[in-house]
Amino acid sequence: MANTTITVQPGVMLPAYAKTSTWSTGLCDCCDDMSVCCFGFWCPWCLMCTTSQEFGECLCLPLLDLCFGALIPPASYSVRSAMRERYRIQGTMCDDCCVVSCCGICSWCQMARELKLRRQPQVFVNPPVNVTYQAPANAPLVNPSYQQPAVNPGYQPLQPNNPPMYAQPSKSTDPHGAGLYPAV
């Protein structure tokens, strides 16, 4: 029997609830993305609704702040807290409450920039290598009674000059139409 060496690199184990990242831009970094800044300045409710929809919530959710958000806008607060939890961004509910109450439009601009940056495709220059275990060629099978299932026994590969033949669906003679299903 051959000896197999498995090497494990040391690493840090983090619990699933650990907050490991920060907001990609600051609260007042509106100049980082002028399109979001102008959208928030000229039409803040459109920015709020669009950002809410892109985050996966109801398009009209921020409009609840018009009715119920005198002191603390509940929809803005909930979307910001949910975004912080989903992306594991450091912060507290108290921070969210203060930011949304004091700098509501800046908060929505920050959330819109965060979504925009998180939706961009990521390119990995040095992707991690997946290490797989491959048994030696002379190793015994784990389950010798297992047999490979047959792969479509009637299969014949296509020849370059012989295109496949397809059956034509039957036509209905019903003047009203047979709907999606042909007459039998």
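These notebook entries record what I looked up in a predicted model.

**Basis.** I number residues from 1 along each chain as its sequence is written. The model being predicted, I accept local features at pLDDT of at least 70 and side-chain atom pairs only at pLDDT 80 or more, while totals for chains, interfaces and linings use all residues, and side-chain values rest on heavy atoms, without hydrogens and water.

**Core.** I looked up the largest nonpolar core, meaning a set of buried Ala, Val, Leu, Ile, Met, Phe, Trp, Tyr and Cys residues joined through side-chain atoms within 4.5 Å; buried is under 20% relative accessible area, exposed over 50%, and partly exposed in between, with a 1.4 Å probe and protein chains only. This core has 16 residues, and Leu47, Phe55, Val79, Met83, Tyr87, Trp108 and Met111 touch the most other members. Helices H2 (44–55), H4 (74–86) and H6 (104–119) each give two or more residues to this core; helices here are DSSP runs of H or I, at least four residues, numbered from the N terminus. H6 supplies the largest share, five residues.

**Met83.** Leaving aside residues up to four places away in sequence, I find Met83 in contact (heavy atoms within 4.5 Å) with Trp23, Phe55, Ile89, Met111, Glu114 and Leu115.

**H4 and H6.** The two axes come within 11 Å and cross at roughly 35°; axes are lines fitted to C-alpha atoms over the stretch in contact, with angles from 0 to 180 degrees between N-to-C directions. I record the crossing as left-handed, that is, the near helix is turned anticlockwise from the far one by less than a right angle, clockwise being right-handed. Ser76, Val79, Arg80 and Met83 of H4 make the contact with Ser107, Trp108, Gln110, Met111, Glu114 and Leu115 of H6.

**H1 and H6.** The axes of H1 (residues 34–42) and H6 come within 10 Å and cross at roughly 145°, and this crossing is right-handed. Ser35, Val36 and Gly40 of H1 meet Ile105, Cys109, Ala112, Arg113 and Lys116 of H6.

**Rings.** I count one aromatic pair. Phe41 and Trp42 form it edge-to-face, at 4.8 Å centre to centre with 85° between the planes; pairing requires ring centres of Phe, Tyr and Trp (its six-membered ring) within 6.5 Å, with planes under 30 degrees apart stacked, over 60 edge-to-face and the rest tilted. Phe41 is exposed at 58% relative accessibility, and Trp42 is exposed at 68%.

**Arg88.** I find Arg88 in the loop between H4 and helix H5 (93–102), with a positive phi near 55°. Most residues other than glycine have a negative phi. Arg88 is partly exposed, at 30% relative accessibility.
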